[in-house]
Amino acid sequence: MTVKTFGELEAAIMRVVWNAPKPVSIQVVLDSLARERPPAYTTVMTVTERLREKGWLTRVRHGRSYRYSATRSADDYTAQLMGQALDASVDRARALARFARQLGPAEAEALRTALGRRTDDAAPGEG
């Protein structure tokens with residue numbers, strides 16, 4: 001499945017939703033968008049609804065309004081984008097190696113740990 005990158009406001013809305021401990025209203029999203037000139041309420045409502053229509057958000061009625069929550073995690077979104085970038089590469093192994101060289105020590109260790117778990121968790125014949 002191809003995932004499109006979010007536009008600036010879409011990304012900001014998704015960050016608010018992903019960081020919220022519970023479903024959020026449009027007003028909470030709007031209040032969380034700390035900008036010099038925050039977008040209009042109707043703009044945030046329209047973009048949030050478009051994210052819902054695209055399958056990124058779900059909503060539940062709460063009184064006369066809705067509360068929104070993410071259908072997929074930020075990690076899933078990022079991983080899908082990274083996978084698409086690798087798919088566009090002529091040589092995945094070289095692209096991965098170049099990416100790994102760009103990682104800081106903590107990120108490299110996190111990657112080693114994740115790869116170790118993947119190998120440990122793999123069924124016979126996998127990994």
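The largest nonpolar core has 21 residues, of which Phe 6, Ile 13, Val 29, Leu 33, Val 44, Leu 51 and Trp 56 touch the most other members. Here a nonpolar core is a set of buried Ala, Val, Leu, Ile, Met, Phe, Trp, Tyr and Cys residues joined through side-chain atoms within 4.5 Å. Helix H1 (8-19), helix H2 (26-32) and helix H3 (41-53) are the elements that give two or more residues to this core. Its largest share, seven residues, comes from H1. Helices (H or I, at least four residues) and strands (E, at least two) are DSSP runs, numbered from the N terminus. In soluble globular proteins, nonpolar side chains tend to be buried together.

This is a predicted model, in which local features need pLDDT of at least 70 and side-chain atom pairs count only at pLDDT 80 or more, while totals for chains, interfaces and linings use all residues. Residues are numbered from 1 along each chain as its sequence is written, and side-chain values use heavy atoms, with hydrogens and water left out.

Trp 56 merits separate description. Leaving aside residues up to four places away in sequence, Trp 56 touches Val 3, Phe 6, Met 14, Leu 51, Ser 69, Ala 70, Thr 71, Arg 72, Tyr 77 and Gln 80. Contact means heavy atoms within 4.5 Å.

The charged pairs are considered next. A salt bridge is a side-chain nitrogen of Lys or Arg within 4 Å of a carboxyl oxygen of Asp or Glu, and by this rule the count comes to five. Side chains of opposite charge can pair when their charged atoms come close. The table includes three of the salt bridges.

| Salt bridge | Closest N to O distance |
|---|---|
| Glu 49 and Arg 52 | 2.9 Å |
| Asp 87 and Arg 92 | 2.5 Å |
| Glu 109 and Arg 112 | 3.3 Å |

Glu 49 and Arg 52 are three residues apart in helix H3, and therefore are separated by about one helical turn. Buried means under 20% relative accessible area, exposed over 50%, and partly exposed in between (1.4 Å probe, protein chains only). Glu 49 is buried, at 14% relative accessible area, whereas Arg 52 is partly exposed at 27%. A network of salt bridges links Glu 49, Arg 52 and Arg 59.

In the second tabulated pair, Asp 87 is exposed, with 56% relative accessibility, and Arg 92 is partly exposed at 41%. Glu 109 and Arg 112 both lie in helix H6 (residues 105-121), three residues apart, about one turn of the helix. Glu 109 is partly exposed, with 41% relative accessibility.
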